[in-house]
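Here's a quick briefing on a protein model, put together with a computational chemist in mind. Have a look at the sequence and the fold, then we'll go through the main points by topic.

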Amino acid sequence: MKLIRTVVLIALALILGLWAFYGERHLDERRRQQTPDPHLCRVSPAFIDSLVIITGADTTIAINVSDSTWRIVAPLVWDGEGSHLGSIVRDITSSGRERSWRVEPDSMRYYALQYPHAKLIYASRFGYVEPETLFVGAGAANNKQGYVRFAGSDTVIMTNIAVHKSVLKSLYDFRKKSIFPSIVPAEIAQIKLRRADEEIELVRRGTRWRMVEPIDRWADADTVNRLIKAFKDKRIASFIDNPPADELWRLGLGDRSRAEAEFFMVDDSLRS
């Protein structure tokens, strides 16, 4: 009798142990499935190096060249404004899913997610990240959050309004506007200026500048430094892409422009 009771107790203990082990694992899995992902984008920012930003006016395609350096490759080729393009990656990977709920397709319009204000496609050119499309809709009434959803999903997500602010920009915003952003004054070896029928050539001599054309004499250092600073610090106010020839002439940028400037660097590269 004692033996039977002992066997029964052992069997009950095993059953309770197995139930606790597998039951808890099952409950943990259910809790994990029911707990919303706290991150809007589940991808490390280091893996995102390709962005497609589609708005009503523009479709901008940009790639990350290195670190914070971005290059726009469509609809034209131009250096990208790293602070703006980089902020998109930072905001979608650092913002959370503050609330989320399922919505019928017809109700998506209330959040501007049936016809979104913008579409963002992010991916990796090297296959580390499968392309994902994020629809960016309206902002919430509190101006601190906004509504987004992923393509193919019927779930509306409320997230930080920073996502909207970084994505809802134009091609103009994403283009770098520095005239010569990479110029380091100390690395300029030679300057050539042309205007009308006059040509001036300046050559660096240590810490001083020597004018060698049209005459040979020492140049005024303050004037040369102001010239370099003007080209380095000035920013482009607007772009006129692919203007017709008559427009170029009207702007003084035809075959004979009003002035030309060439900066020759110590590594023999040219900025003009």
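Of the 272 residues in the protein, 33% are buried (buried means under 20% relative accessible area, exposed means over 50%, and partly exposed is in between, with a 1.4 Å probe and protein chains only). Bear in mind that this is a predicted model, so local features need pLDDT of at least 70 and side-chain atom pairs count only at pLDDT 80 or more, while totals for chains, interfaces and linings use all residues. Residues are numbered from 1 along each chain as its sequence is written, and side-chain values use heavy atoms, with hydrogens and water left out.

**Overall make-up**

- The protein has six helices and 15 strands (DSSP runs numbered from the N terminus: H or I with at least four residues for helices, E with at least two for strands).
- If you take contacts between residues at least 6 apart in sequence, 55% of them join residues at least 24 apart (contact means heavy atoms within 4.5 Å).
- The accessible surface adds up to about 17,500 Å², and carbon and sulfur atoms own 55% of that (Shrake-Rupley method with a 1.4 Å probe; for residues, only the protein chains shown count as cover).

**Nonpolar cores**

- The largest nonpolar core has 27 residues, and L51, L120 and Y122 have the most contacts inside it (a core is a set of buried Ala, Val, Leu, Ile, Met, Phe, Trp, Tyr and Cys residues joined through side-chain atoms within 4.5 Å).
- Quite a few elements chip in: β1 (50–55), β3 (69–74), α2 (82–94), β6, β7, β8 (145–150), α3 (162–167) and α4 (171–174) each supply at least two residues of this core.
- The largest share, four residues, comes from α2.
- Skipping residues up to four places away in sequence, L120 touches L51, V52, I53, I88, I92, E132, T133, L134 and V167.
- There's also a second, separate core of 14 residues, with I183, I188, V224 and A261 among them.
- As a general point, nonpolar side chains tend to be buried together in soluble globular proteins.

**Strands β6, β7 and β8**

- β6 and β7 run antiparallel and are joined by five bridges (two strands pair if DSSP finds at least two bridges between them).
- In that pairing, L120 stands opposite L134 in β7.
- β7 and β8 are antiparallel too, with four bridges between them, and V136 has V148 in β8 as its bridge partner.
- β7 and β8 make a hairpin with five residues in between, and N143 in the turn has a positive phi of about 65°.

**The loop between β6 and β7**

- S124 sits in the loop between β6 (118–123) and β7 (132–139).
- Is S124 buried or exposed? S124 counts as buried, because its relative accessible area is 9%.
- Beyond its neighbours within four places in sequence, S124 is in contact with F47, D49 and V129.
- F126 is in the loop between β6 and β7 as well, but F126 counts as exposed because its relative accessibility is 57%.
- F47, F126 and Y128 make a nonpolar surface patch of about 390 Å² (patch residues have over 30% relative accessible area and no salt bridge; like charges are joined within 9 Å, and nonpolar side chains, namely Val, Leu, Ile, Met, Phe, Trp and Tyr, within 5 Å).

**Salt bridges**

- A search of the whole structure turns up seven salt bridges (a side-chain nitrogen of Lys or Arg within 4 Å of a carboxyl oxygen of Asp or Glu).
- R71 and D79 form one of these, at 2.3 Å from N to O; R71 is partly exposed at 29%, and D79 is partly exposed at 36%.
- R194 pairs with E199 at 3.6 Å, N to O, and R194 also pairs with E260 at 3.6 Å, N to O.
- R194 lies in strand β10 (residues 188–195) and E260 in strand β14 (residues 259–265), so this pair ties together parts that are 66 residues apart in sequence.
- Salt bridges with shared partners join R194, E199, E260 and E262 into one network.
- As for exposure, R194 is partly exposed at 27%, E199 is partly exposed at 34%, and E260 is partly exposed at 38%.
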